[in-house]
Amino acid sequence: NATIYARWVDSWVKDMSNGNPVIDQADGYYIIDSAQKLASLAYLVNYNIDNGKWASYRYKQTADINLSAHYWQPIGNATHPFKGTYDGTTFDIHNMKTYCGANAYSAYNNIAIFANSSGATIKNVNNYDVNINGKAAVGGIATSIASITIQNCKVSGTITGTSYVGGIAGYSAGDISDCENYATVSGGDTVGGLVGYKRYSMTNCTNNGSVKGDTMTGGLVGNLAGGTVNGCVNQGNVTGQDKTSGIAGIASYGGTIQSCVNDGTVQGTTNVGGIVGYTQSQATKIENCLNTGTLKATAANSEVGGIAGRVTYATTITSSFVDCSITPVSTSKVGVIVGNTTVATTITYCGAKVNVTAAASTVQSFYNAASGVTVTCNDSYSLVNNNGTQVNRITATSSGMDGKFGMISSIHDGLPVP
């Protein structure tokens, strides 16, 4: 015996344009000027019309588009990915909505404006007031993307999935720059304000929306699997369980996080960090970063760090600062730079001003470390109010700290550094 589920979904397929996009002879871009034309592009790409030629063309949007009338079906699929260029120019898309189904059917994986893409460029796309629901790989602009460039895109509204969920992209193996998320993003595992699962580079991006997940939840990236996050800011509140952070929930295959700022409140059960919740598998570098967001741990034996929650693979933290409150539970391990490390770790030219608002199992001025682990901590300072007791520490090598702490002058509180 078998049970068959069937449902007709009111999608844009039935209301797409009868005519194909028309080329602008002046610049060679095909014109998208209505919701019907955008839906037609999805059909032409997804069904490999004219031997797939439509998948590789360049398109430009020449009018605002309202998608409220029907459920959206993404452009590109696993068999026929989008390979061209889409330029939103100065126009917006509004009211995109998707249908996931009561049982989160697998057919509703890879949900965004652009689903599967390869070698494509998507730029200047503003997708506002979305109501996006999906299962795995869900984003506001694109998802399940390889070797793709996303530039200067913005998203607002609500985005919900079960895994690999992000405000801009659910799963990205490409470069993302100058993008902003204002949407509320929520899911199960691998959830980020900008990207759920990220490889390669992300530059000058900002998250302003709240982010909620279970494991691997970050204000910008849920799982940073290598590459670089540079010059990015999180201003949204982040709520997760294991591996929760203001920038990256986990750095699973190393990578570099540099010149990033977290200003949002971060709450998790364990492995909670201002910049990264957990590092593993390959070397991670954190450089010139700042955490000013309040950190909260909610589970017994949690590990909380102003920069990194838990380090399990060689990690270097340089010229990074913490200015925040930390609220632990009684059995928490708190390190104002690193909550706990099980491997050799290097901390250099770092500073912290931290208010620990509740009693914890251990509160360390710089880090907690497993027995026998060597941590190199040089030219750094720590100002900690540990549940009412002030503890100030400074560590310096013969080279001294002069000139190394110019990034955040207001944090020094009279220490003998510029």
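**Entry 1: Tyr 59 and the aromatic rings**

I began with Tyr 59, which is buried because its relative accessible area is 0% (buried means under 20%, exposed over 50%, partly exposed in between, with a 1.4 Å probe and protein chains only). A note to myself: this is a predicted model, where local features need pLDDT of at least 70 and side-chain atom pairs count only at pLDDT 80 or more, while totals for chains, interfaces and linings use all residues. Residues are numbered from 1 along each chain as its sequence is written, and side-chain values use heavy atoms, with hydrogens and water left out.

Next I looked up ring pairs (Phe, Tyr and the six-membered ring of Trp, centres within 6.5 Å; planes under 30 degrees apart are stacked, over 60 edge-to-face, the rest tilted). The count is eleven aromatic pairs. I find Tyr 30 and Tyr 57 stacked, because their ring centres are 4.6 Å apart and their planes stand at 5 degrees. This pair links distant parts of the chain, 27 residues apart: Tyr 30 is in strand E2 (residues 30-32), and Tyr 57 is in the loop between helix H1 (35-46) and strand E3 (58-61). Helices (H or I, at least four residues) and strands (E, at least two) are DSSP runs, numbered from the N terminus.

How exposed are the two partners? Tyr 30 counts as buried at 14% relative accessibility, whereas Tyr 57, at 23%, counts as partly exposed.

Back to Tyr 59, now with its partner. The rings of Tyr 59 and Phe 82 have centres 6.3 Å apart and planes at 40 degrees, so I log the pair as tilted. Here too distant parts of the chain are linked, 23 residues apart, with Tyr 59 in strand E3 and Phe 82 in the loop between strand E4 (65-66) and strand E5 (85-87). Phe 82 is buried as well, its relative accessible area being 0%.

Which cluster do these rings belong to? I can place Tyr 30, Tyr 57, Tyr 59 and Phe 82 in one aromatic cluster together with Trp 54, Tyr 86 and Phe 114.

**Entry 2: charges over rings**

I then checked for charges over ring faces (NZ of Lys or CZ of Arg within 6 Å of the ring centre and within 35 degrees of the ring normal). Lys 97 lies over the face of Tyr 71, 5.1 Å from the ring centre. Lys 243 does so over Tyr 278, at 4.7 Å from the ring centre.

**Entry 3: salt bridges**

Lys 243 turned up again here. It has a salt bridge to Asp 242, with the closest N and O atoms 2.5 Å apart (a salt bridge needs a side-chain nitrogen of Lys or Arg within 4 Å of a carboxyl oxygen of Asp or Glu). Lys 243 is buried, at a relative accessible area of 14%.

In the whole structure I count five salt bridges. Another of them joins Asp 24 and Lys 60, at 2.7 Å from N to O. The two residues sit 36 apart along the chain, Asp 24 in the loop between strand E1 (22-23) and E2, and Lys 60 in strand E3. Lys 60 counts as buried at 13% relative accessibility, and a network of salt bridges links Asp 24, Asp 27 and Lys 60.

I also noted Lys 37 with Asp 33, whose closest N and O atoms are 3.9 Å apart. Lys 37 is buried at 15%, while Asp 33 is partly exposed at 34%.

**Entry 4: the nonpolar core**

Which residues touch the most other members of the largest nonpolar core? Among its 91 residues they are Ile 75, Tyr 86, Ile 150, Met 202 and Ile 337. H1 gives the most to this core, with seven residues. Such a core is a set of buried Ala, Val, Leu, Ile, Met, Phe, Trp, Tyr and Cys residues joined through side-chain atoms within 4.5 Å.

I followed Ile 75 further. Beyond its neighbours within four places in sequence, its contacts (heavy atoms within 4.5 Å) include Leu 38, Leu 41, Ala 42, Val 45, Phe 82 and Phe 114.

**Entry 5: Ile 168**

Ile 168 is in the loop between strand E13 (163-166) and strand E14 (169-177), and at 0% relative accessibility it counts as buried. Leaving aside neighbours within four places in sequence, I find it in contact with, among them, Ile 150, Cys 153, Cys 179 and Leu 194. Its C-alpha atom is separated by 9.1 Å from that of Gly 192, 24 residues apart along the chain.

**Entry 6: cysteines**

How many disulfides does the structure hold? I find zero (the cut-off is two cysteine sulfur atoms within 2.5 Å). Cys 260 is in no disulfide, the nearest cysteine sulfur being that of Cys 232, 4.8 Å away. Why is Cys 289 without a bond to Cys 260? The sulfur of Cys 260 is the closest cysteine sulfur, but at 4.9 Å it is too far for a bond. Cys 260 is buried at 0%, and Cys 289 is buried at 0%.
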